[in-house]
Amino acid sequence: MATSKVIWKDWRTVRDQLREWREDNLRRSKETVELGERLLKEYSSKLGDEVWTIREQVFISALDTGSSVLAQNILKTLQRKFPNSVRVRKLEGMQYEAHGSYDEALEIYDEILEKDAMCSDVWKRKVAVYKARKDTGAALKELNEYLKVFVCDSESWLELSELYISNQCFGDAAYCLEEVLLSNPHNHLYHQRYAEICYTKGGSEMYQLACKHYARAIKLNPRNMRSLYGYYLSLCAYKASAKLSSKVLKEKKDLLDWVSGKIKKIHFERCSEERVEIVEKTLEMVAQH
């Protein structure tokens with residue numbers, strides 16, 4: 001739903017809209033604050049127990065938008081209602097984060113984890129704090145410890161991969177993507193990302209592995225232009241870096257022709273003939289190097 005269409009109709013419609021955003025994991029922070037603040041102010045008595053979930057939702061959005069007074073008022077209400085709640089303590093930590101008070105936030109998160117090490121959300125908040133402080137080493141260490149416990153968390157493996165890439169540790173980043181692919185073998189974007197890491201790492205074996213996963217990504221999504229170009233570059237790099245028999249060289253040349261044809265066909269459907277000619281010349285130049 002576009003921002004322009006978020007219009008106050010009645011309290012039930014707004015309640016349902018906020019619920020939909022929660023279920024779809026959409027922050028929509030600005031709209032949530034605008035609609036949620038009025039809903040809580042004028043209709044909180046009609047919301048039943050859902051009012052507390054909505055307060056939490058509006059609180060997080062208020063932090064996102066810098067509405068510190070609104071966030072503080074909601075937090076006080078939640079603290080009075082749930083004085084011993086781990087969930088509310090986590091919100092206190094998030095408020096410290098929003099104000100840049102990272103040491104205080106970490107103190108709260110450590111306190112929570114000492115009582116219950118299985119609070120995955122709190123563990124992730126610690127990682128977020130280290131990233132905000134530009135402490136990549138601490139973020140890597142914390143996320144590795146987290147993944148020893150929550151091995152099947154694909155999003156965290158992806159995040160760990162990006163942290164390794166930022167440190168140019170491409171071998172470790174590739175390992176993280178392998179873990180993701182084990183549980184998501186049919187996601188073309190993950191195959192593409194793994195192929196990109198292999199290509200960046202370089203060497204004939206890595207180029208060959210990049211080719212394999214770009215090919216898989218293309219099979220899953222034949223119009224993925226990024227994978228098509230990546231496959232073309234990987235084929236060229238592999239062909240130039242390895243000693244290949246004449247038979248294998250012919251196979252790679254046939255694959256290059258096939259990928260080149262796919263790229264030009266898609267560009268021809270979308271672009272002018274002049275643009276297609278530029279693409280053709282570019283592909284020829286890449287193949288010659």
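A residue counts as exposed when its relative accessible area is over 50%, as buried when that area is under 20%, and as partly exposed in between. Keep those cut-offs handy on this tour, and remember that you are looking at a predicted model.

**Stop 1: a negative patch**

Select glutamate 273, which sits in helix α15 (residues 273-288). Its relative accessibility is 57%, so glutamate 273 counts as exposed. Now add Glu274, Glu277, Glu280 and Glu284 to your selection: together with Glu273, they form a negative surface patch.

**Stop 2: a pair in helix α14**

Next, pick aspartate 254 and lysine 250. Their side chains meet in a salt bridge, with N and O 3.1 Å apart. How many residues apart are the two in helix α14? They are four residues apart in this helix, which spans residues 246-270, so about one helical turn separates them. Lysine 250 is exposed, with a relative accessible area of 53%, while aspartate 254 is partly exposed at 40%.

Why can such partners meet at all? Side chains of opposite charge can pair when their charged atoms come close.

**Stop 3: a pair in helix α1, and its network**

Move to helix α1 (residues 11-23) and select aspartate 16 and arginine 19. These two form a salt bridge as well, and their closest N and O atoms are 3.6 Å apart. Being three residues apart in the helix, they too are separated by about one helical turn. Are they buried or exposed, or something in between? Aspartate 16 has 35% relative accessibility and counts as partly exposed; arginine 19, at 28%, is also partly exposed.

Now widen the selection to Arg15, Asp16, Arg19, Arg22 and Glu50. Salt bridges that share partners join these residues into one network.

**Stop 4: a link between distant parts of the chain**

Select aspartate 153 and lysine 124, whose side chains meet in a salt bridge with N and O 3.0 Å apart. Where does each partner lie? Aspartate 153 is in the loop between α8 (136-149) and α9 (154-166), and lysine 124 is in helix α7 (residues 120-132). The partners are 29 residues apart, and the pair links distant parts of the chain. Aspartate 153 counts as buried, because its 14% relative accessibility is under the 20% cut-off. Lysine 124 is partly exposed, with a relative accessible area of 30%.

How many salt bridges does a search of the whole structure find? It finds 24, and the pairs you have just visited, including aspartate 153 with lysine 124, are among them.

**Stop 5: the cysteines**

Colour the cysteines next. How many disulfides does the structure hold? The count is zero. Zoom in on cysteine 119: the nearest cysteine sulfur belongs to cysteine 152 and is 19 Å away, and cysteine 119 is in no disulfide. A disulfide needs two cysteine sulfur atoms within 2.5 Å. Cysteine 119 is buried, with a relative accessible area of 17%.

Then go to cysteine 198, which is also in no disulfide; its nearest cysteine sulfur is that of cysteine 211, 10 Å away. Cysteine 198 counts as buried, at 1% relative accessibility.

**Stop 6: a long look across**

Finish with asparagine 73 in helix α4 (residues 68-81). Its relative accessibility is 43%, so asparagine 73 counts as partly exposed. Draw a distance line from its C-alpha to that of aspartate 254, and you cross 66 Å of space. In sequence, asparagine 73 and aspartate 254 are 181 residues apart.

Note on methods
Residues are numbered from 1 along each chain as its sequence is written. This is a predicted model: local features need pLDDT of at least 70, side-chain atom pairs count only at pLDDT 80 or more; totals for chains, interfaces and linings use all residues. Side-chain values use heavy atoms; hydrogens and water are left out. Buried means under 20% relative accessible area, exposed over 50%, partly exposed in between (1.4 Å probe, protein chains only). A salt bridge is a side-chain nitrogen of Lys or Arg within 4 Å of a carboxyl oxygen of Asp or Glu. Patches are made of residues with over 30% relative accessible area and no salt bridge: like charges are joined within 9 Å, nonpolar side chains (Val, Leu, Ile, Met, Phe, Trp, Tyr) within 5 Å. Accessible areas come from the Shrake-Rupley method with a 1.4 Å probe; for residues, only the protein chains shown count as cover. Lys and Arg count as positive and Asp and Glu as negative; His and the chain ends are not counted. The place of a charge is taken as NZ of Lys, CZ of Arg, CG of Asp or CD of Glu.
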